[in-house]
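Student: Could we go through this structure together, one question at a time, with the reasoning set out before each answer?

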Amino acid sequence: MSVKNILFIMIDQLRWDALSCYGNQVVNTPNIDRLASKGVRFTNAYTQGTSCGNSRASIYTGRHVRSHGATWNDWPFRLDEWTLADYMREQERQVVLLGKTHMKPDRDGMARLGIDPQSDQGRALTNAGFIEGEHDDGIHPEGPAGPYSSREPRYNDYLREQGFNGRNPWLEWANAADSDEGTPLSGFYMENAHRPARVPAEHSETAYLTGRAIETIDALGDNPWCLHLSYIKPHWPYLAPAPYHDLYRGCELPAPVRSKSELENPHPLVQAFMQLGVARTFQDVEKRNHVLPAYYGLIKELDDQIGRLFAYLESSGQAGHTLIALTADHGDYFGDHWLGEKDLFHQPSVKIPLIIHDPSAAADSTRGQTCDALTGAIDLLPTFIEAVGGKPPEHRLEGHSLQPWLHSEANLPARSVIFSEGDYGRLPVANQLGVDPLKARTTMAFDGRYKLVHCLGLPDMLFDLHNDPNEFIDLGRDPGYAAIRQQLREQMLDWSACLRNRSTVSREKEQSLTGLSRRQGILVGVWSGSELPDSVRPPAEVGVF
């Protein structure tokens, strides 16, 4: 067996601990667990950005946030960035997207360079290089004219074909519930999370995308392909179709991971995030426990649909040569640390599930194993390139291939610190703190024990996950830990200085240019020609001018 195809599954806002293979005691996810039993489950994987946009931009480029520049949602990266789609096409794979990317086009940059957004080149630059397939970022609150959509999703047409009519079936059916009197209720109101979605499960967003994946793979036939299947759920609105809406209601749910001590003199940035509406909602345990069963139900539905897809791969003969990677863009606080959503760097937000199944015989020795090494979402792209026989370009990619872990090779990649970045400039907390949005930047450095969060213009945060695994005690202003903070700051400075900003010069070009000036006879600081070998010595007679 060898790797012919890549199936890259991204799950939006999936907590790492919401899967049974990662220890969840409520949700049973046997299909994802089976994938882990056939591959490697990474237990210390971290996203490089804590929002949808910056995380995905890092995954698609294999570069950190400050390298590609897409620091938060709706911020485009530069037009010259190579992406997953570019690299896979270079490896002669047909690239197809189904679902979410959250990438936004640099329309100002295209206008400056005279690129028509509707041209082939413009369309490639519009959505991180993804041209074929179906792009749906999954949030359509005001229909096709809404701020989140430039066009109506194909899913709306599909729903109408099934008889679910309306101006915006996504909003009116897939993410709405019926009241006791039969009146439609919006899934955006979390008080409705206990109700079933108006569409049956076979027509949900998750089921629809899975069906599209099966159709797509079937149509690709024997051609080598890379399919990026990017599921929208369990991202809010937290509304699941029957029977998933009710599977975990009444179950004993895990308590939120938080301590009252966190409310005593909290870090200014954390305190500001605690005041956001979503945080206040999830601070109420009753409300949080009303919504969490719907979140778990969406995850269970997702696992069932992934099982349907895996069964198709087996029956079609594709499983034997398809590498499957499954991960999330970030997590979800769900009331942990008195917070909601993501954007900060506690484990519920920044740590992600990561499972890779390599079908090749070289991976047989690692099947069912776990890897505890510090790994990042930016490691996926070089892993994919190497899996299909390519050579990851070191001058651009800032992650490293995980293939040595998959193949149990002797020279395993070593990483002493993992980094992640955030940008809260568009959130109201920036104005509340009096922070210039251009400076509303945060960076995490985690060495496996100590986690430093550098907040530009504000004090550092520091957590010792060995003695405080729940991250209740912020040591960022504790004078006894000044040396630890300084060490991690120095590592952060070294990391920043080594980012691949010279991304236009390959290793080969770099080597060919070394010593070129002397070979051309350009001599700087030379006293005597006898010091030079004949190959670089200038002619004996030179013109006088």
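Tutor: Yes, and please keep in mind throughout that this is a predicted model.

Student: Which side chain makes a polar contact with that of glutamate 134?

Tutor: Glutamate 134 sits in strand β4, residues 133-135, and is buried, with a relative accessible area of 5%. Leaving aside residues up to four places away in sequence, the residues touched by glutamate 134 include Leu97, Arg154, Tyr208 and Arg212. One of these contacts is also polar, since at 2.8 Å the side chain of glutamate 134 falls within the 3.5 Å cut-off, and the partner is tyrosine 208.

Student: Which backbone oxygen does the side chain of asparagine 44 reach?

Tutor: Asparagine 44 belongs to strand β2, residues 40-46. Beyond residues up to four places away in sequence, asparagine 44 touches Lys351 and the residues Cys371, Asp372, Ala373, Leu374 and Thr375. The side chain of asparagine 44 comes to 2.8 Å from the backbone oxygen of aspartate 372.

Student: How many residues apart are lysine 38 and glutamate 314?

Tutor: Lysine 38 and glutamate 314 form a salt bridge in which the closest N and O atoms are 3.4 Å apart. The pair links distant parts of the chain, with lysine 38 in helix α1 (residues 30-38) and glutamate 314 in helix α12 (residues 285-315). Lysine 38 is partly exposed at 26% relative accessibility, and glutamate 314 is partly exposed at 44%. In sequence, the separation of lysine 38 and glutamate 314 is 276 residues.

Student: In which helix do arginine 160 and aspartate 157 both lie?

Tutor: The side chains of arginine 160 and aspartate 157 meet in a salt bridge with an N to O distance of 3.1 Å. Arginine 160 is partly exposed, with a relative accessible area of 25%, and aspartate 157 is partly exposed at 40%. The two residues are three apart, about one turn of the helix, and that helix is α7.

Student: Why does the salt bridge between arginine 198 and aspartate 178 tie together parts of the chain, and how many residues apart are they?

Tutor: The side chains of arginine 198 and aspartate 178 meet at 2.9 Å, N to O. Because arginine 198 lies in the loop between β6 and α9 while aspartate 178 lies in strand β5, the pair ties together parts whose separation in sequence is 20 residues.

Student: On how many faces of helix α17 do the buried residues lie, one or several?

Tutor: Helix α17 (residues 482-497) has 16 residues and an expected span of 22 Å, which agrees with the 22 Å between its end C-alpha atoms. The buried residues of α17 are Arg485, Leu488, Met492 and Trp495, and they pack against α3, β12, β13, β14 and β15. On the other side of α17, Ala483, Leu493, Asp494 and Ala497 are exposed. Seen down the axis, the buried residues fall within an arc of 80°, so they line one face.

Student: How many disulfides does the structure hold?

Tutor: A disulfide requires two cysteine sulfur atoms within 2.5 Å. For cysteine 251, the nearest cysteine sulfur is that of cysteine 21, at 19 Å, while for cysteine 371, which is buried at 3% relative accessibility, the nearest cysteine sulfur is again that of cysteine 21, at 15 Å. Cysteine 251 and cysteine 371 are therefore in no disulfide, and the number of disulfides in the structure is zero.

Student: Where is proline 234, which follows a cis peptide bond?

Tutor: The peptide bond from lysine 233 to proline 234 is cis, with omega near 15°. A cis peptide bond also joins alanine 242 and proline 243, where omega is about 0°, and proline 243 is placed in the loop between β7 and α10. Proline 234 is likewise found in the loop between β7 and α10.

Student: Is glutamate 471, with its positive phi, buried or exposed?

Tutor: Phi of glutamate 471 is near 60°, a positive value in a residue other than glycine, and glutamate 471 is placed in the loop between β15 and α17. Because its relative accessible area of 2% is under the 20% cut-off, glutamate 471 counts as buried.

How values were computed: Residues are numbered from 1 along each chain as its sequence is written. This is a predicted model: local features need pLDDT of at least 70, side-chain atom pairs count only at pLDDT 80 or more; totals for chains, interfaces and linings use all residues. Side-chain values use heavy atoms; hydrogens and water are left out. Helices (H or I, at least four residues) and strands (E, at least two) are DSSP runs, numbered from the N terminus. Buried means under 20% relative accessible area, exposed over 50%, partly exposed in between (1.4 Å probe, protein chains only). A polar contact is a pair of N or O atoms within 3.5 Å; within protein, one must be able to donate a hydrogen and the other to accept it, and residues adjacent in sequence count only if both atoms are side-chain atoms. Contact means heavy atoms within 4.5 Å. A salt bridge is a side-chain nitrogen of Lys or Arg within 4 Å of a carboxyl oxygen of Asp or Glu. The expected span of a helix is 1.5 Å times one less than its number of residues. The arc is that of the directions from the helix axis to the C-beta atoms.
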